[in-house]
Amino acid sequence: MGLGRRLDVPVGDLSMIRGLWEVRVRKYRQRQMKEKERVEQSALARIDQEWQYRIYCKTLKTEERNLLHRYLEKSKRTEVQPCTEWEQQDEDDPEQNRLIFRLDGDQWRDFPRELQWMTYLKEWHIRGTKISRLPEFLPLFSQLLVLQIPQNAIDELPPEIGKLTSLQELNVSYNRLSSVPPELGDCENLKRLELTGNLNLSELPFELSGLKQLVHLDIAENRFISIPICALRMSRLQLLDLSNNSLTDLPQDMDRLEQLVTLFIHKNSLSYLPHCLTKISTLKMIVVSGDELNCIPTSLCRNPNIKFIRLYDNRSAKKKKEEEEKKKGKNKRRRWNQPREEEVQKDSREKEFMEAYVNSLMDRDVVPESTTKVSISCLL
């Protein structure tokens with residue numbers, strides 16, 4: 001009968017083993033992150049971009065190639081092609097030294113291909129085109145500060161927009177958005193966001209709460225039935241435009257907006273204003289519709305430091321508008337999904353007029369107790 005051999009098996013603390021593996025995994029992820037940053041900061045992307053540009057140039061005729069070279073040249077020319085231009089402003093003023101790309105006209109249905117090699121641009125101004133999508137190369141523009149794309153046919157913002165971490169201004173007003181990607185909340189330097197007149201837009205993702213630098217939020221002329229939760233967490237917000245939506249009340253914690261200066265809530269279905277608005281010490285102007293509003297805190301409308309403006313619709317004009325809406329009832333679904341160009345232009349002109357009127361009131365010591373809208377038609 002053979003003797004059994006004893007085998008000693010070391011047994012360690014499971015928590016210690018788990019901790020060891022967690023350290024290894026953490027170090028591995030750190031190495032991966034550093035490698036990713038090294039590749040992004042290396043010249044590989046730029047070299048690949050240059051080769052793609054050379055390959056593209058080979059497909060062009062001599063005249064087209066020369067025109068493209070002049071177009072990409074960093075000179076002080078302001079116009080190279082009809083309806084497209086880029087600008088370099090006064091070099092003596094560092095704040096104005098920005099490279100700007102402009103594109104307008106309904107003949108444009110897509111972005112120019114050569115735009116992908118102009119990654120040095122600081123501003124895009126795209127207006128009045130038939131473009132419905134932003135280009136795939138948008139994330140390459142890491143230095144972009146301003147993205148102005150109002151009055152186009154854009155029906156969605158890509159998630160990649162969150163990679164524009166230097167972006168300070170975004171205007172997607174009067175397009176066809178029905179949602180906003182949560183990734184927009186990664187644009188941590190965004191100070192101004194305008195989403196006016198998209199008609200199908202009814203909510204904003206909670207992730208936009210991360211926009212702590214935002215001072216201007218305009219979501220007028222949409223389908224909001226309540227103030228987005230994320231808006232109440234934008235602690236530096238100074239201007240909030242909620243006009244022409246479907247609001248029936250305001251939240252009782254609006255005093256969380258401790259730096260709010262201007263509040264536009266006219267053209268909604270509000271019957272009262274919450275008392276919490278009186279706690280916002282920075283508030284200087286409130287614009288409301290006086291037709292249905294019947295309960296207002298006295299300390300709010302009688303405060304000499306607040307310009308409280310009531311807007312009233314002209315009764316005859318209002319009746320006419322209701323009759324027109326009844327006639328258009330059958331086409332209401334189409335109106336939400338595919339807004340006509342004339343409707344967009346009409347709404348934008350009305351908003352521009354309202355902004356000019358309100359700005360004129362800011363300089364007055366005394367504002368009118370109420371204002372009635374009057375429509376005037378001129379035949380030239």
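This text walks through a predicted model, from the whole chain down to single side chains.

Start with the chain as a whole. The protein chain has 380 residues, and 39% of them are buried. Its secondary structure consists of seven helices and 12 strands. The chain exposes about 23,900 Å². Carbon and sulfur atoms supply 48% of that area. Now take the contacts between residues at least 6 apart in sequence. Of these, 34% join residues at least 24 apart.

Next comes the interior. In soluble globular proteins, nonpolar side chains tend to be buried together. Here the largest nonpolar core holds 69 residues. Trp124, Met254 and Leu273 touch the most other members of that core. Three elements give two or more residues to this core: β2, β3 and β10 (285-289). The largest share, three residues, comes from β2. Another core lies apart from this one. That second core has six residues, including Leu239, Phe264, Val287 and Ile309.

Look at methionine 254 in the main core. Leave out residues up to four places away in sequence, and methionine 254 touches Ile227, Leu232, Leu240, Leu263, Cys276, Leu277 and Ile280.

Tryptophan 124 takes us to the aromatic rings. A pair of aromatic rings is described by the distance of the centres and the angle of the planes. The structure holds three aromatic pairs. In one of them, the rings of phenylalanine 111 and tryptophan 124 have centres 5.6 Å apart. Their planes stand at 40°, so the pair counts as tilted. Edge-to-face would need an angle over 60 degrees, and stacked one under 30. The phenylalanine 111 and tryptophan 124 pair links distant parts of the chain, 13 residues apart. Phenylalanine 111 sits in the loop between β2 (99-104) and β3, while tryptophan 124 sits in strand β3. Both residues are buried.

Tryptophan 124 also pairs with phenylalanine 141. This pair is edge-to-face, with 4.9 Å from centre to centre and 75° between the planes. Phenylalanine 141 belongs to the loop between β3 and β4, and tryptophan 124 to strand β3, so their pairing ties together parts 17 residues apart in sequence. The relative accessible area of tryptophan 124 is 0%, which means that this residue is buried. Phenylalanine 141 is buried too, and its relative accessible area is 0%. Phe111, Trp124, Phe137 and Phe141 form one aromatic cluster.

Now turn to charge. Side chains of opposite charge can pair when their charged atoms come close. The whole structure contains four salt bridges. One of them joins arginine 133 to aspartate 155, at 3.0 Å from N to O. Arginine 133 is in the loop between β3 (123-127) and β4 (146-148), and aspartate 155 is in the loop between β4 and β5 (169-171). The partners are 22 residues apart in sequence, so the bridge ties separate parts of the chain together.

Arginine 133 has another partner. A salt bridge of 3.1 Å, N to O, connects arginine 133 with glutamate 156. Glutamate 156 lies in the loop between β4 and β5 and arginine 133 in the loop between β3 and β4, so this pair ties together parts 23 residues apart. How exposed are these three side chains? Arginine 133 is partly exposed, at 45% relative accessibility. Aspartate 155 is partly exposed at 32%, and glutamate 156 is partly exposed at 36%.

A further salt bridge links aspartate 253 and arginine 256. Their closest N and O atoms are 3.8 Å apart. Aspartate 253 is partly exposed, at 29%. Arginine 256 is partly exposed, at 38%. Shared partners make one network of Arg133, Asp155 and Glu156.

Finish with asparagine 245. Where does asparagine 245 lie? Its place is in the loop between β8 (239-241) and β9 (262-264). Is asparagine 245 buried or exposed? Its relative accessibility is 8%, so asparagine 245 counts as buried, the limit being under 20%. The asparagine 245 side chain reaches the backbone oxygen of leucine 242 at 3.1 Å. A polar atom of the same side chain lies 3.3 Å from the backbone nitrogen of arginine 223. Neighbours within four places in sequence aside, the contacts of asparagine 245 are Ile219, Ala220, Glu221, Asn222, Arg223, Phe224, Lys267 and Asn268.

Key. Residues are numbered from 1 along each chain as its sequence is written. This is a predicted model: local features need pLDDT of at least 70, side-chain atom pairs count only at pLDDT 80 or more; totals for chains, interfaces and linings use all residues. Side-chain values use heavy atoms; hydrogens and water are left out. A salt bridge is a side-chain nitrogen of Lys or Arg within 4 Å of a carboxyl oxygen of Asp or Glu. Helices (H or I, at least four residues) and strands (E, at least two) are DSSP runs, numbered from the N terminus. Buried means under 20% relative accessible area, exposed over 50%, partly exposed in between (1.4 Å probe, protein chains only). Contact means heavy atoms within 4.5 Å. Accessible areas come from the Shrake-Rupley method with a 1.4 Å probe; for residues, only the protein chains shown count as cover. Rings of Phe, Tyr and Trp (its six-membered ring) pair if their centres lie within 6.5 Å; planes under 30 degrees apart count as stacked, over 60 as edge-to-face and the rest as tilted. A nonpolar core is a set of buried Ala, Val, Leu, Ile, Met, Phe, Trp, Tyr and Cys residues joined through side-chain atoms within 4.5 Å. A polar contact is a pair of N or O atoms within 3.5 Å; within protein, one must be able to donate a hydrogen and the other to accept it, and residues adjacent in sequence count only if both atoms are side-chain atoms.
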